[in-house]
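Biologist: I'm new to this one, and I'd like to know what stands behind the words people use for it. Could you show it to me and take my questions one by one?

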Amino acid sequence: MPENRAHHDGRTIRLTVVIVPATSAKPAKDPVVFMEGGPGGDAIGAIPFLIDSQVNRDRDLIVMTQRGGLHSQPNLSCPEIDRFYAGAVGRRYDAPSTGRLLVRATKQCRDRLTAAGVELSAYNTTENAADFADLRRALGIRQWNVYGYSYGTDLALTYLRRQPAGIRSMAIDSVAPPQIVSLPWTWDSAAEGIDAIFRACAAQPRCKSRYPDVRRTLTEQVRRLEAHPLTVMVQPPAGGSPVKVVLDGGALVNVLVADGGALPAVDVPAALDELAHGNPLRFARARAAGATPAVGEFAYGLTNSVACSEWVPGFSQRDVLKAGRRNFPGWPDTVLAQAPQLPFQYEVCRVWNVPDRTAVQRVATVSKVPALVVSGTFDAKTGASWGAYAARTLSRSTVVRIPGIGHWVVPQSPCAQRVLASFLAHPNTPETGCVAGLAPQPFTITP
């Protein structure tokens, strides 16, 4: 692919493409193309989850590394940032000294990539979408179906808006609408997902009886830990030697938002109750998961090129704080000043230094292409309401909410897998009946 399509004789980049054959003896002619999240996630590494979810049951599955991702050339991984995050579990999450270390690691990565000739501003969602359009043409495919999750929904909606030719249907899972994604928006999503967990606990008699005011417990623990952080030696979930973990208010919140499996949602009320009674082990172990990253696997360079040009501009640090206060009144400003999952992003973006692209990217997608919009009610990264928000301008859309599921729904929900399969077979009339009987799993009840 061209690195920058505005430069007709500029340099090219290489992207890995994998085609996973359908398991059906008579597959449909229109394949499914997958769009990974992140931005910066490893699309090739997602293939086992897609196969387990039977996405390739009736159609070939096409997976392409996004520009800058693992298995692309150049690869915009930042081992400098991986090493920062490995050590950051032992530091205060939102301390200025932690931010300075992140900015230093970011600058080291930027300097290395630009010295190698990488044009960082070319790693954006517009070029990313054009890569997929070019791939369809290169493979000679008349029509295909798009399936993306998380940032892959931002990409899919951009692709549908800018390059609609050849798209038979689009399924988006854990939705980040391009017209709304920003740093203040992260607090709205965090509040929606966390509140859904607490409301589900209140709806289960045993959970409500054992943990009668889990919302107040969270506020108390965020305030307590921000004032007096805990330092714990704990073994990471993946095993190995114990590591030092610091739990302050920001770290506590980001364990809840991260939704990476280290602290399942069904354990959250129990974990908060244990923390309030002097046992931080569940939260400490979940935080320790960050101490053992797969160095080089995640493309932080792509993350920053997208975030700093498309998500950050147009809103100030004050706007982030106001959104935090609106969603979590009474929490310390030091916690609320940092966008969940994107701490110190304004400082990072000053170093990354890519142009503002919001005028071309922060735009709603209006389309009549059949769309399936899937969200999990416990998703604290991309709150479930944003799926319905995106669907308002997708006139032939089906919106599905799966109770008790967090980020990236389909691999976690057999019902969502059946709905997706039905949608791919009949995009205008998918069978969604299994959703009606779903409820969150029982929460963990400790003695």
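Modeller: Gladly; what follows is a talk about a strand, a helix and the cavities. This is a predicted model, where local features need pLDDT of at least 70, side-chain atom pairs count only at pLDDT 80 or more, and totals for chains, interfaces and linings use all residues. Residues are numbered from 1 along each chain as its sequence is written, and side-chain values use heavy atoms, with hydrogens and water left out.

Biologist: Why is strand β10 called largely enclosed?

Modeller: A strand here is a DSSP run of E, at least two residues, and a helix is a run of H or I, at least four, numbered from the N terminus. Buried means under 20% relative accessible area, exposed over 50%, and partly exposed in between, with a 1.4 Å probe and protein chains only. Six of the six residues of β10 (residues 371-376) are buried, so the rest of the structure largely encloses this strand.

Biologist: What makes both faces of β10 count as covered?

Modeller: In a regular strand, side chains alternate between the two faces of the sheet. A371, V373 and S375 on one side are buried, and so are L372, V374 and G376 on the other.

Biologist: How do you know that β10 and strand β11 pair?

Modeller: Pairing asks for at least two bridges found by DSSP between two strands. β10 and β11 (residues 397-402) have six, in the parallel sense, and L372 has T398 as its bridge partner in β11. Strand β7 (residues 167-175) also runs parallel to β10, with four bridges; M170 is partnered by A371.

Biologist: What makes helix α12 mostly covered?

Modeller: For α12 (residues 300-311), 12 of its 12 residues are buried, including Y300, E310 and W311.

Biologist: Why is a space called a cavity?

Modeller: On a 1 Å grid over the protein atoms alone, a cavity is a set of points where a 1.4 Å probe fits but cannot get out; lining residues have an atom within 4 Å of a point. Points are joined across faces, edges and corners, and the volume is the space filled by probe spheres set on them. Two cavities of 30 Å³ or more meet this, and the largest has a volume of about 90 Å³.

Biologist: Which helix gives the most to the lining of the largest cavity?

Modeller: Helix α18 (residues 414-425), with five residues. Among the lining residues are Q417, L420 and R57.

How values were computed: On a 1 Å grid over the protein atoms alone, a cavity is a set of points where a 1.4 Å probe fits but cannot get out, and a pocket is an open set with protein on both sides within 12 Å along at least five of seven lines; lining residues have an atom within 4 Å of a point.
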